[in-house]
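Here is a short tour of one protein model, written to be read with the structure open beside it. Let us start with the sheet and then look at some details of the backbone.

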Amino acid sequence: MARTRRKSPKRARPKPTRTTRAPSRPRSVKPAGARSGAAGPGKPSAPGAADPLLARIEGAQHQKFGGATVDVLKVGNGRIKRLVYPPGFRWSTHMQAVVGTDQCMHAHVGFLARGHIKGEYADGCGFEAVAPQAVVVQPGHDAWVVGREPAVLIQFDCEDDTARRFGLPEEHTHL
Ligand SMILES: [Zn+2]
C-alpha cells in the first residue's frame, strides 16, 4: 500500500492585514524638569527651578534669615509667607541669637506643604506636623526640622498681630 502522504491542508490563516499600521507615536515630550535633572516623583526633590513649591515667586520680598529662606507677599492687610527651613534647622540654634528672645514669640498659622517639623513650648508641651498638614503654633516655642527633607511652610501672617487676629493666646497656655 502506497503510503499516502497526507498533505495537511494548509491552515487557512488569515493574513494579517498590513494596511492599518499603528500611527507612529508623537515624540515623547519630556516632563518639565527632566532636563535639569530634577528628582522624579517620590524622591525628595533638590531645590531647583523645576519645583514650583521652591521656585522664585514673582513679586515676593525674598530674604534669607538664620538659614531659612523667606518669601513675603502682601495680601490685604496681612501677608502670605513661604518659609523654607533646611534639614538640620532648629530655631534655638539658628534663629535665637538673631531674634534675641528665649523662645520664638511668633504665632504660626499655615499649611505645611512639605517636610516634617517638631517643636516644644517652654512648659515642655510638644507639637509635630508632617506634610500635608495644617499648622497652628502658639507664641513661646522652639521648633526644628525632622529628617533630611526641607520643611516648606505656607504661612498666613499679620506680623505682630497674628496671634490676636487668629484668636490665639499671646503665649502658649492651657486655658
Ligand atoms: Zn503646654
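## The sheet

In this predicted model, six strands form an open sheet with antiparallel pairing, in the order β1-β2-β3-β9-β4-β7. The edges belong to β1 (61-65) and β7 (133-137); each has a single partner strand, so one side of each is left without a neighbour in the sheet. From one strand to the next, the twist averages 25°.

At the β7 edge, the partner is β4, which spans residues 108-114 and pairs with β7 in the antiparallel sense over five bridges. If you would like a landmark for this pairing, look for F111, which stands opposite A134 in β7.

## Two backbone details

Most residues other than glycine have a negative phi, and most peptide bonds are trans. Two places in this model are worth a look with that in mind.

The peptide bond between A131 and P132 is cis, with omega at about -5°. You will find P132 in the loop that links β6 (126-130) and β7.

E159 has a positive phi, near 50°, although it is not a glycine. This residue sits in the loop between β9 (151-157) and α3 (162-165). Is E159 buried or exposed? It counts as exposed, because it has 10 C-beta neighbours inside 10 Å, and the cut-off for exposed is 12 or fewer.

## Confidence

Across the protein, the mean pLDDT is 82, and 71% of the residues reach 70 or more. Residues 29-40 are a stretch to read with care: pLDDT stays under 50 there, and the model has 15 contacts for them beyond four places in sequence.

Conventions: Residues are numbered from 1 along each chain as its sequence is written. This is a predicted model: local features need pLDDT of at least 70, side-chain atom pairs count only at pLDDT 80 or more; totals for chains, interfaces and linings use all residues. Two strands pair if DSSP finds at least two bridges between them. Helices (H or I, at least four residues) and strands (E, at least two) are DSSP runs, numbered from the N terminus. Axes are lines fitted to C-alpha atoms, for helices over the stretch in contact, and angles run from 0 to 180 degrees between N-to-C directions. pLDDT is the predictor's confidence in each residue, from 0 to 100. Two residues are in contact if their C-beta atoms, placed from the backbone, lie within 7 Å. A residue is buried if 20 or more other C-beta atoms lie within 10 Å of its own, exposed if 12 or fewer, and partly exposed in between; C-beta atoms are placed from the backbone.
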